[in-house]
Amino acid sequence: MVTWPNFVSQLFNGLALGALLALISSGLTIIYGTLGVLNLAHGAMFMLGGYAGFAAYQATGSFTVAVIAGTLALLVVGMAMERIVIRHFYKRPHEDQLLVTFGLAIVFVELVRLVFSSQSQVVPPPRLFAGITNLGFMFYPTYRLAVVGIVAVALLALFLVLYRTRLGLIVRAGIEDSVMVDSLGINVDRVFMVVFGIGAMAAGFAGIVNAPVVSLTPEVGEAILVQAFVVVVIGGVGSFPGAILGGLIAGEIISLTSMVNPGYAYVMLFAAMTLVLMLRPYGLLGVRGRE
Amino acid sequence: MNADRLYSGQRPGLVEAITAALLIAAPFVLPWLDAAPNTVNRILVWGLFGIGFDILFGYTGLLSFGQSALYGTGGFVAAYLLTRAGFPHVITALVIGMVASAAVGYLVGLVALRRTGIYFAMITVAIAEVFYFVEFNPLSEYTGGENGLPGVPTPSLALGFTTLHFTSGWSLYPFLAFCYFVGIVVALRIVRSPVGAVLRAIRENPLRASAVGHDIHAYKLTAFVIAAAYAGLAGGLLGVLQAFMPPEAFTFDTSGQLVMQTAIGGRGTLFGPLVGAAVWLFLQDFLQATLKLGASWKLVLGLIFVLLVFFLRQGIVGAVRDLARWALRKRGRPAPVPVPMPRAAGRAIEAATAATPVHHANRLFTGPVLQTSGLTKHYGGIVANSGIDFTVDAGELRGIIGPNGAGKSTFFKMLTSEVAPTSGKIVFEGRDITGMGVTEVCQLGLTKSYQVNQLFNRLTVRENVTIAALAELRGKFRLDLLRSLPRIPGLREQVERTLELVNLVDRMDAPVAELAYGEKRRLEVGLALASSPSLLLLDEPLAGMSPQERVETVRLLKSISEGRTMIVIDHDVDSLFELAERITVMHGGRVLVEGTPDEIKANATVQEAYLGGVHEVPAR
């Protein structure tokens with residue numbers, strides 16, 4: 001049953017999923033690291049990105065416009081969410097933050113269901129990446145290959161923002177010690193809003209890029225959120241490299257297990273998470289004291 | 001959340017009686033309100049499910065999004081026994097399901113509780129998802145996969161002379177109502193037990209709860225298993241109620257709905273989940289059937305939920321309770337005003353001489369109580385403490401002074417095992433305690449009052465001290481789940497003695513949040529005292545006090561030191577010279593010099609390094 005081409009194609013699938021998870025989890029982990037808020041609506045951000053892109057695609061017929069629209073829409077949604085809701089919860093206990101973001105996730109999902117119905121929607125891949133590529137030993141959907149490249153570029157962009165800009169420096173400093181950053185006279189207010197926007201944008205971008213791979217439903221974010229949690233636990237909270245490593249590990253575990261028996265994909269994912277928790281409680285690349 | 005008094009002794013059984021009355025009245029009243037019996041039964045199942053969850057979330061502060069895993073486990077074990085395995089007895093099957101769920105909860109808890117806070121939330125979400133997939137795929141032969149298990153029978157009870165059959169609707173109601181009643185009675189006992197008090201302490205301040213000597217990991221696991229047992233029973237009842245065990249029990253939506261209902265109804269109230277479920281299910285019916293909103297009922301409920309989390313933190317039950325308390329307070333006398341200090345100290349000293357609550361110290365240890373050799377701590381490249389050799393004799397009152405950054409607090413943290421030394425050894429009462437852990441060290445009789453207050457903020461003064469005293473009276477972990485607090489021998493006396501010592505008797509029913517700074521500072525010392533340590537460490541007890549308060553506090557400390565060994569760190573050199581018999585001066589992570597106050601005052605090195613000699617030592 002497990003043939004060589006099958007194995008390689010699952011390996012590619014795992015890479016594509018892993019890259020997406022890495023991007024989504026980076027958003028989640030940056031927000032948590034800087035603001036101290038675990039956004040349970042992060043899966044909904046992924047879903048909203050897909051739908052915003054879908055709406056733009058329907059209006060213009062251009063995939064590029066769809067990606068740009070999905071990404072920018074989520075930057076705006078993220079910043080608005082931080083400004084209107086999240087900032088009132090910085091001083092409240094973690095439980096309240098979890099509750100309110102959980103509630104917002106439901107509101108977003110149901111809102112989308114109201115507008116777009118529960119039926120699944122399809123965004124076709126752009127013409128440039130349509131069809132199937134012959135890799136010599138097997139055929140593979142071209143768009144999935146492209147996803148790896150597109151997401152890699154996005155991750156690189158995120159890396160440059162985090163490690164080469166002033167904002168990135170503040171974010172990284174905030175992850176280590178937010179009280180200190182606060183007392184250095186940096187306008188944390190604005191930084192927080194932008195960071196939340198960027199985190200949501202990462203998820204939204206992943207959402208629209210992923211839309212041609214898996215059709216869109218209002219629930220599409222739920223499974224992604226759970227997987228992103230596992231990625232963050234494996235990689236370590238607040239660690240951008242950890243999110244990438246964790247994402248790739250999780251993506252491959254899900255894909256390779258699915259090849260044998262899809263029912264065990266989550267069991268294996270969970271087993272990996274448990275193993276990491278036993279051996280390195282703060283995640284593979286995490287540091288104690290960041291949570 | 002202050003309603004959960006530790007001594008809820010005024011009218012025992014009142015809450016239980018009201019609950020019973022309401023449950024009995026419901027089938028006579030609710031039909032007039034057009035309530036469908038099936039909805040009422042579902043509310044009861046959700047309410048029961050929520051009792052356990054509330055103990056975990058509302059009382060212990062652990063927000064799990066994975067309760068569906070345990071609900072489903074209990075439900076499917078019971079349903080499998082009754083439908084596939086041909087097990088005849090419904091009630092026994094429900095109990096087996098509950099036990100199975102508790103056992104699974106224990107294993108899940110071992111993994112999930114490795115971390116706290118958001119990690120815990122994320123891990124529970126992941127666990128629930130695993131269970132969902134396992135039910136659907138690997139175990140579908142036993143669970144029916146996406147078809148679930150149809151044909152779950154209803155219970156009947158043979159009473160000898162007659163047999164009661166509970167079928168559906170109002171006929172099943174008495175059975176579910178009885179289960180709920182038993183559930184609430186047991187839960188009330190649990191939250192009023194010493195375990196309940198410790199769970200609340202964990203919610204308020206896990207760090208301090210473990211520092212006063214409670215094994216918080218074991219208690220958290222206990223709360224998790226209790227929640228699992230309730231979830232398991234409720235899951236089994238769901239199968240009975242629907243005559244079918246639905247696979248949806250395992251979905252994330254189930255966990256989510258439970259969390260939302262509990263938050264809507266009011267966490268930390270036990271009854272909140274029931275109220276929340278009633279609101280949820282009636283609103284769902286109302287929005288769908290009456291307002292014809294169709295599928296968007298959930299959007300409306302989601303919005304209501306967000307607004308509730310925003311503005312009504314304690315949920316409906318909490319709001320009603322706060323309203324009632326506010327009304328009572330308006331009618332009754334005003335809140336007591338803080339007791340002025342002067343009256344205080346005199347009485348405290350009387351109390352101290354009258355009673356010596358030094359259980360550990362009664363062991364009459366002679367010679368050096370504490371000895372460290374070569375104690376060293378590095379933080380990366382920074383040396384906080386280096387090669388400290390330090391000895392304190394029994395009954396001594398030692399002062400430690402030194403400029404900021406001298407390593408005093410780090411030294412204390414190593415003594416109480418809050419941080420592990422890089423190298424060196426700590427011997428307490430002849431026993432090597434290096435790296436033993438803060439809980440164990442406290443249980444041996446060595447504890448500390450913190451430089452920055454570490455109190456249980458939403459509890460009262462008395463509850464705070466009770467929690468610390470419990471650690472000494474019950475050890476680090478004990479499962480006296482059904483024992484009531486006032487029945488613990490010696491507890492009341494120990495709490496009262498401690499409150500007298502730190503002069504907070506008049507404020508004992510005030511929540512910590514209402515205390516003045518000086519009072520909080522005294523309570524901080526009280527928490528350390530309540531566990532009757534033989535060696536008490538005080539980290540800057542005078543910090544932030546007015547000169548008048550300092551004088552009083554020094555007298556207080558003198559009285560506390562009777563029959564006990566004490567080490568005090570402070571920057572108030574004059575007070576410390578007055579208080580301590582010997583002084584250790586630390587500087588740059590080392591012991592600079594040691595001697596009587598007079599020797600220290602005369603020492604040239606100390607003057608130069610610390611007391612403002614010619615070369616000012618920069619702070620850090």
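**Two loop residues, one core and the surfaces where parts meet**

In this predicted model, Leu270(B) sits in the loop that runs between helix H11 (252-265) and helix H12 (272-290) of chain B. Most residues other than glycine have a negative phi. Against that background, Leu270(B) stands out with a phi near 70 degrees, which is a positive value in a residue that is not glycine. Is this loop residue buried or exposed? Leu270(B) counts as buried because 27 C-beta neighbours lie inside 10 Å, and the cut-off for that class is 20 or more.

A second residue of this kind is found further along chain B. Glu429(B) belongs to the loop between strand S8 (423-428) and strand S9 (431-432) of chain B, and, although Glu429(B) is not a glycine, its phi is positive at about 50 degrees. Glu429(B) has 20 other C-beta atoms within 10 Å and is therefore buried.

A glycine in a helix offers another view of the interior of chain B. Gly526(B) lies in helix H20 (residues 517-530) of chain B, and it is buried because 26 other C-beta atoms are found within 10 Å. Which residues does Gly526(B) touch, once its neighbours within four places in sequence are left aside? The contacts are with Val465(B), Thr498(B), Leu499(B), Val502(B) and Leu504(B). In the same part of the chain, Leu501(B) is 25 residues away from Gly526(B) along the sequence, yet the C-alpha atoms of these two residues are separated by 7.8 Å.

The next step is to consider how nonpolar residues gather. In soluble globular proteins, nonpolar side chains tend to be buried together. Here the largest nonpolar core holds 282 residues, and the members that touch the most others are Ile24(A), Leu48(B), Ala126(B) and Leu237(B). The element that gives the most to this core is helix H10 (residues 216-242) of chain B, with 17 residues, and the core also takes at least three residues from each of domain 1 (14-251) and domain 2 (344-609) of chain B. For Leu237(B), if neighbours within four places in sequence are set aside, the contacts are Val45(B), Leu48(B), Leu94(B), Leu176(B) and Cys179(B).

The two domains into which chain B is divided, domain 1 (14-251) and domain 2 (344-609), have centres that are 43 Å apart when taken over C-alpha atoms. Where they meet, 23 residues of domain 1 of chain B are in contact with 31 residues of domain 2 of chain B. On the domain 1 side, two or more residues come from each of helix H7 (173-192), helix H8 (194-204), helix H9 (206-211) and H10 of chain B, and H8(B) gives the most, with 7 residues. By class, this side of domain 1 of chain B comprises 11 nonpolar, 6 polar and 6 charged residues.

The other surface to follow is the one between the chains. How many residues does each chain bring to this contact? Chain A brings 33 residues and chain B brings 36 residues. On the side of chain A that touches chain B, the elements that give two or more residues are helix H4 (94-116), helix H9 (220-235) and helix H11 (265-279) of chain A. H4(A) supplies the largest share of that side, 15 residues, and the residues of that side of chain A fall into 23 nonpolar, 4 polar and 6 charged.

How values were computed. Residues are numbered from 1 along each chain as its sequence is written. Chains are lettered from A and ligands numbered from 1 in the order in which they are written. This is a predicted model: local features need pLDDT of at least 70, side-chain atom pairs count only at pLDDT 80 or more; totals for chains, interfaces and linings use all residues. A nonpolar core is a set of buried Ala, Val, Leu, Ile, Met, Phe, Trp, Tyr and Cys residues joined through C-beta atoms within 7 Å. A residue is buried if 20 or more other C-beta atoms lie within 10 Å of its own, exposed if 12 or fewer, and partly exposed in between; C-beta atoms are placed from the backbone. Helices (H or I, at least four residues) and strands (E, at least two) are DSSP runs, numbered from the N terminus. Domain bounds come from an automatic or database domain assignment. Two residues are in contact if their C-beta atoms, placed from the backbone, lie within 7 Å. Ala, Val, Leu, Ile, Met, Phe, Trp, Tyr, Cys and Pro count as nonpolar, Asp, Glu, Lys and Arg as charged, and the others, Gly among them, as polar.
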